[in-house]
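User: Could you take me on a close look at the metal site in this model, and then at what surrounds it? I would enjoy one connected account rather than a list.

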Amino acid sequence: MPRRRELGRGERVIAGLWRLRLPLPFPGVPHCNAWAVAADGGIVLVDTGMHEPGSMTELERAFDQVGLSFEQVRLVVCTHAHTDHWGQAATICDRTGCEMWMHPNHEHGFAGAADPDVALARRLEIGRQCGVPESALARYAEQAKGGPSGIARVIEPDRELVAGVSIKTDLGAWTVLETPGHAPSHVCLFQAERRLLISGDHVLGRISLYFDYGWTPDPIGEFLSSLDAVDELDARLALSGHGKPFLEVHGHVEGNRGLVGERLDATLAAVAERPRTALEVAPAVHGGPLTEANAGWWLSETLCYLRHLELAGLIASESDRGVERWAAALSPSRTKP
Ligand SMILES: [Zn+2]
Ligand SMILES: [Zn+2]
């Protein structure tokens, strides 16, 4: 029986700020949030939801519930270039004539949307390096081909969302904080007087780690620095890309640091005895078996831990017929001169 879909829902968080909860087709991630902020008789829309059949109707339904409409959208701002955060940007901009702002490091999201075949080939090559058997890669490729992209159309941002840019609203100005790690293009928005943080997927109410692999040298290092940057803001209320608004932002930052630390330790322990592939390390890091549903997510994340430990000089990799194996690095005292 097909899973019953959620419907778009709108709710007021505080005067002048609304949560638009939009359905997603992913098992385990049933919805994402867009945020509307009152601005000069209209609204600034932060994030857009994913593009798929009927998705604009769900956004419209959410707007309706809080007395808003597309005609009020003056600006679309995207926290990062994942489909659930910018997929509908083109449709909304077409309909309203407004601008879209995003961080310039959006290649990780734009490349897949512009050329799905190249993006798939890249994922398969990474899978091969991880030690995934060819038969499993072939099954994955079959399922991925012709699947929905989640993006209405690729549009270039009208303005680069970088540090120093501010977004004017009736709640005051929101400043941009560059927070790479979850994705290279990730930013958070902070309203200092009210201590409000639009945290995207950088800090979520229910801690869940995801990292784009292969676009920057060290997503884990970037993520940890971005956590420090957010912690310094002393935000009171976080409005994240998924789930309800939450308080205790510092506690959530700490929770993320703790989980990354645990998984780095587990990664190190997994390669201590003999060289292992990412495919062998991932179940130890996550405390469960790899499945077709979690493999893409878990392998990218595991590769990010492995790279981070490699950059720290704690482990090293060797490639054998295209498959990469990782092992504890020889300590300098044991290395021959
Ligand atoms: Zn994301
Ligand atoms: Zn998301």
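Analyst: In this predicted model, the zinc ion (ligand 1) takes its protein donors from His-80 (NE2), His-82 (ND1), His-182 (NE2) and Asp-201 (OD), at 2.1 to 2.3 Å. Along the chain these donors follow the spacing H-x1-H-x99-H-x18-D. The angles among the four donor atoms run from 92 to 169 degrees, and the site is irregular. That label fits the cut-offs, because four donors count as tetrahedral only if all angles lie between 85 and 135 degrees.

A second metal belongs in the picture: the zinc ion (ligand 2) is 3.5 Å from the zinc ion (ligand 1), and Asp-201 coordinates both. His-82 sits in the loop between β5 (73–77) and α2 (83–86), while Asp-201 sits in the loop between β11 (196–200) and α7 (219–233), so this pair ties together parts 119 residues apart in sequence. Both His-82 and Asp-201 are buried.

Two of the zinc donors lead us on to a cavity. The whole structure holds one cavity of 30 Å³ or more, and the volume of the largest cavity is about 40 Å³. His-182 and Asp-201 are among the residues that line it, together with His-202, Ser-208, Leu-209, Tyr-210, Phe-211, Phe-223 and Asn-256. By class, this lining has four nonpolar residues, four polar and one charged.

Several of those lining residues carry aromatic rings, so to speak of their partners is a natural next step. Five aromatic pairs turn up in a search of the whole structure. One of them joins Phe-63 and Phe-70 edge-to-face, with 5.2 Å from centre to centre and 90 degrees between the planes. Phe-63 counts as buried at 1% relative accessibility, and Phe-70 counts as buried at 1% too.

Back at the cavity lining, Tyr-210 pairs with Trp-297: the ring centres are 5.4 Å apart and the planes stand at 90 degrees, so this pair is edge-to-face. It links distant parts of the chain, with Tyr-210 in the loop between β11 and α7 and Trp-297 in helix α10 (residues 295–311), 87 residues apart. Tyr-210 is partly exposed, with a relative accessible area of 24%, and Trp-297 also counts as partly exposed, at 34%. Finally, Phe-211 and Phe-223 from the lining form one aromatic cluster with Tyr-305.

How values were computed: Residues are numbered from 1 along each chain as its sequence is written. Chains are lettered from A and ligands numbered from 1 in the order in which they are written. This is a predicted model: local features need pLDDT of at least 70, side-chain atom pairs count only at pLDDT 80 or more; totals for chains, interfaces and linings use all residues. Side-chain values use heavy atoms; hydrogens and water are left out. On a 1 Å grid over the protein atoms alone, a cavity is a set of points where a 1.4 Å probe fits but cannot get out, and a pocket is an open set with protein on both sides within 12 Å along at least five of seven lines; lining residues have an atom within 4 Å of a point. Grid points are joined across faces, edges and corners, and a volume is the space filled by probe spheres set on the points. Ala, Val, Leu, Ile, Met, Phe, Trp, Tyr, Cys and Pro count as nonpolar, Asp, Glu, Lys and Arg as charged, and the others, Gly among them, as polar. Donors are N, O and S atoms within 2.8 Å of the metal (3.2 Å for Na, K and Ca); water is not among the atoms, so sites may look incomplete. Four donors count as tetrahedral if all angles lie between 85 and 135 degrees; four count as square planar and six as octahedral if opposite donors are over 155 degrees apart and all others between 65 and 115; anything else is irregular. Helices (H or I, at least four residues) and strands (E, at least two) are DSSP runs, numbered from the N terminus. Buried means under 20% relative accessible area, exposed over 50%, partly exposed in between (1.4 Å probe, protein chains only). Rings of Phe, Tyr and Trp (its six-membered ring) pair if their centres lie within 6.5 Å; planes under 30 degrees apart count as stacked, over 60 as edge-to-face and the rest as tilted.
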